[in-house]
Each structure stands twice: as C-alpha cells, then as structure tokens.
Amino acid sequence: MTSRRVLITGAGQGVGRGLALAFAEAGAEVVVNDLHRQRAELVADEIEAAGGAAVPVAFDVCDYEAVVAAVAQAGPVDVLINNAGNAGADGFGGRAMFAETDPADWESFLRVNLYGVLHCTRAVLPAMIANAWGRILTVVSDAGRTGDRGGAVYGAAKAGAAGLTRSVALENGRFNITANNISLGTMRTPLTEPLWAQAAESPQAKEILRNYAIRRPGVPEDVAELALMLAGEGGSWITGQTICVNGGYSFGL
Ligand SMILES: NC(=O)c1ccc[n+]([C@@H]2O[C@H](COP(=O)([O-])OP(=O)(O)OC[C@H]3O[C@@H](n4cnc5c(N)ncnc54)[C@H](O)[C@@H]3O)[C@@H](O)[C@H]2O)c1
C-alpha cells in the first residue's frame, strides 16, 4: 500500500478503525473519516503514534456537498472503502418486522447505507479514472444478501449499495478500477456491543450464533487481510464480486 492514499469512511471505531490501522501498517496514507471529528482524530493519532501516516477528516457521508469538498481537500484517492453504516437511528436497537415499520423511519437507513455510498463513490471516481487506477470496497451486510428478519430496510439499503458496486465495476474496469463488496456477518463492534456484552445471558445472542458455523461474532481484524488483498495488485482481476467474511453464516439454518 506504500504510496497509496486510502479514504475509509466511518473509520472512527469498529470495522473502519480496524481497516484504518491495517492499511496504515501496510504503508498507506489513510484519510480517516468519521461523522464525529474526535473519533477520526483519535484513530489518526493512534496511526501516527505507531509510525504511520493519517489525516483525520470529519464529514457526513449523507451530505454530498460535504463529501465533495472533503475529497477535493484530501486530494486524489487511490482506494475508497465505503464503510460508514448505520443499522438504524437507534444503533442495533431499532429492529422491527417490516410490516410494523413506519415509512418515516426508513430514511436514516437509506441515507447512510445507500446514499452515503453513492456520494463517496461518485466523488472519488473522476480522479481514479484520470489516474487510470482505483479500488473501491464497500462494506455491506448479510442482511442485504440473504435477508434479515427485523432488518429489512437496512438490508434493502445494503443490497442497493451492493448493486451499485456491480455497475461501477462494469463501467470502470477499462480504467483499471475494481469495485467489490465485502459482506459481513454479525460483528462485535461498538455498534453491536450491547448485544455481545451480555451474550452469556442473552437468548438473542445464542439464537444468532446458531446460524454461524464458527460460533463467535466477527471482529474487525477478521476483515483486514481480504480488504488489503482486494485493494492491492493481487486484486486487479477481481471485480464486481461480493465476498463474505461471515464465519460461515448460511441462509435458513
Ligand atoms: N456490526 C455488525 O454486526 C455489522 C454486520 C454487517 C455489516 N456491518 C457494516 O459494517 C460497517 C461498519 O460497522 P461497525 O459495526 O464498525 O459500526 P460502528 O457503529 O461501530 O462504527 C461506524 C462508524 O461510522 C460512523 N458513521 C456513522 N454514520 C456516518 C456518517 N453518516 N458519515 C460518516 N461516518 C459515519 C460512526 O460515527 C462510527 O464511528 C457498517 O457499514 C455496517 O453496516 C456491521
């Protein structure tokens, strides 16, 4: 990753933070985005303290003008990782059967998980095309790949983002730009920590883990090697794919 500039959205904690640390360790200059400036700054400080290169950049991926301005200021990006996501306005708590959802509550899922990916991808593509090289990774969810009881709108937004990846891959392969999805199963991150913190007593946690061949939630470190491979030269003929990092989660178990 030496001499590559990598923009990672939502990198102030969780999966994005893990990716930021791994890409910095691999020699990239990491543009650490988060909605919360302090989170982005803490991760950038952590990278610099370890001898890496990082720039914290706070913006909301839902705000296209802010995304464009931040990308213009950061300079051309070689690798974009669309990681910022939101499993609902209320973290992991806003789950409901679709028949019981209110249309007014759909917006927050769609704005971050779908519009955020549209905005960031659109903002970085022109420079990648001009540079005739680029990598776009989008962190999606098995909620969008297989369906999710209680997470239908989140899943729909993630499936939309995964669909965008395939078109971007088709349109831009001729410029040496690849676009792929990494589909995650249930992770242990600040997003889902309330569930895993009480896993021993939680019937919900036990029920979730029954669907996983490897009976633990994923952790950010589980994602880094695949992301580095896809973003490097080794990934140059892999595009338009959705690759699962999910402990063997299967539909219908
Ligand atoms: N945690 C899981 O179980 C799980 C499962 C499947 C997929 N995912 C996906 O993985 C990705 C990372 O999830 P995580 O568990 O690390 O989440 P997290 O909530 O722990 O961290 C996400 C980070 O993104 C930032 N963010 C949120 N909205 C933003 C916005 N509009 N603009 C910029 N930054 C924003 C948050 O401030 C936060 O720091 C998300 O796309 C999520 O949907 C997570």
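Val68 is partly exposed in this predicted model, with a relative accessible area of 34%. The residue is found in helix α3 and takes part in the contact of that helix with helix α4. The points below cover this helix pair, the buried face of helix α9, the surroundings of the ligand, and several individual residues.

**Val68 and the packing of α3 with α4**

- Because its relative accessible area of 34% falls between the limits of 20% for buried and 50% for exposed, Val68 is classed as partly exposed.
- Val68 and Leu118 stand 50 residues apart in sequence, and their C-alpha atoms are 12 Å apart in space.
- Two packed helices are described by the angle between their axes and the distance between the axes.
- For helix α3 (residues 64-74) and helix α4 (residues 107-131), the axes come within 9 Å and cross at roughly 35 degrees.
- The crossing of α3 and α4 is right-handed.
- Helix α3 contributes Tyr64, Val67, Val68 and Val71 to the contact, while helix α4 contributes His119, Cys120, Arg122, Ala123 and Val124.
- By residue type, the contact of α3 with α4 comprises seven nonpolar residues, one polar residue and one charged residue.

**The buried residues of α9**

- In helix α9 (residues 221-231), the buried residues are Val223, Ala224, Leu226, Ala227, Leu228, Leu230 and Ala231.
- These buried residues of α9 pack against one helix, α1 (14-25), and against the strands β4 (79-82), β5 (134-141), β6 (177-184) and β7 (242-245).

**The ligand**

- There are 30 residues around the ligand, of which Asp34, Asn83, Tyr154, Lys158 and Thr189 come nearest.
- In the side chain of Asp34, an N or O atom is 2.6 Å from an oxygen atom of the ligand.
- Arg39 places a polar side-chain atom 3.0 Å from an oxygen atom of the ligand.
- Val61 approaches through its backbone: one of its backbone N or O atoms lies 3.1 Å from a nitrogen atom of the ligand.

**Asn33 in strand β2**

- Asn33 lies in strand β2 (residues 29-34) and is buried, with a relative accessible area of 1%.
- A polar atom of the Asn33 side chain lies 3.1 Å from the backbone oxygen of Phe59.
- Beyond its neighbours within four places in sequence, Asn33 is in contact with residues including Leu7, Ile8, Thr9, Gly10, Ala11 and Gly12.
- Further contacts of Asn33 are made with Ala40, Val57, Ala58, Phe59 and Val61.

**Ala24 in helix α1**

- Ala24 is found in helix α1 and counts as buried, because its relative accessibility of 10% is under 20%.
- With residues up to four places away in sequence left out, Ala24 touches Val30 and Ile47.
- Ala24 and Pro203 are 179 residues apart in sequence, with a C-alpha to C-alpha separation of 38 Å.

**Positive phi values outside glycine**

- Ser3 has a phi near 75 degrees, a positive value in a residue other than glycine.
- Ser3 is found in the segment before β1 (5-8) and counts as exposed, at 66% relative accessibility.
- Asn176 also has a positive phi, near 60 degrees, and is likewise a residue other than glycine.
- Asn176 lies in the loop between α6 (152-172) and β6 and counts as partly exposed, at 47% relative accessibility.

Technical notes:
Residues are numbered from 1 along each chain as its sequence is written. This is a predicted model: local features need pLDDT of at least 70, side-chain atom pairs count only at pLDDT 80 or more; totals for chains, interfaces and linings use all residues. Side-chain values use heavy atoms; hydrogens and water are left out. Axes are lines fitted to C-alpha atoms, for helices over the stretch in contact, and angles run from 0 to 180 degrees between N-to-C directions. Helices (H or I, at least four residues) and strands (E, at least two) are DSSP runs, numbered from the N terminus. A crossing is left-handed if the near helix is turned anticlockwise from the far one by less than a right angle, and right-handed if clockwise. Contact means heavy atoms within 4.5 Å. Ala, Val, Leu, Ile, Met, Phe, Trp, Tyr, Cys and Pro count as nonpolar, Asp, Glu, Lys and Arg as charged, and the others, Gly among them, as polar. Buried means under 20% relative accessible area, exposed over 50%, partly exposed in between (1.4 Å probe, protein chains only). A residue is near a molecule or strand if one of its heavy atoms lies within 4 Å of it. A polar contact is a pair of N or O atoms within 3.5 Å; within protein, one must be able to donate a hydrogen and the other to accept it, and residues adjacent in sequence count only if both atoms are side-chain atoms.
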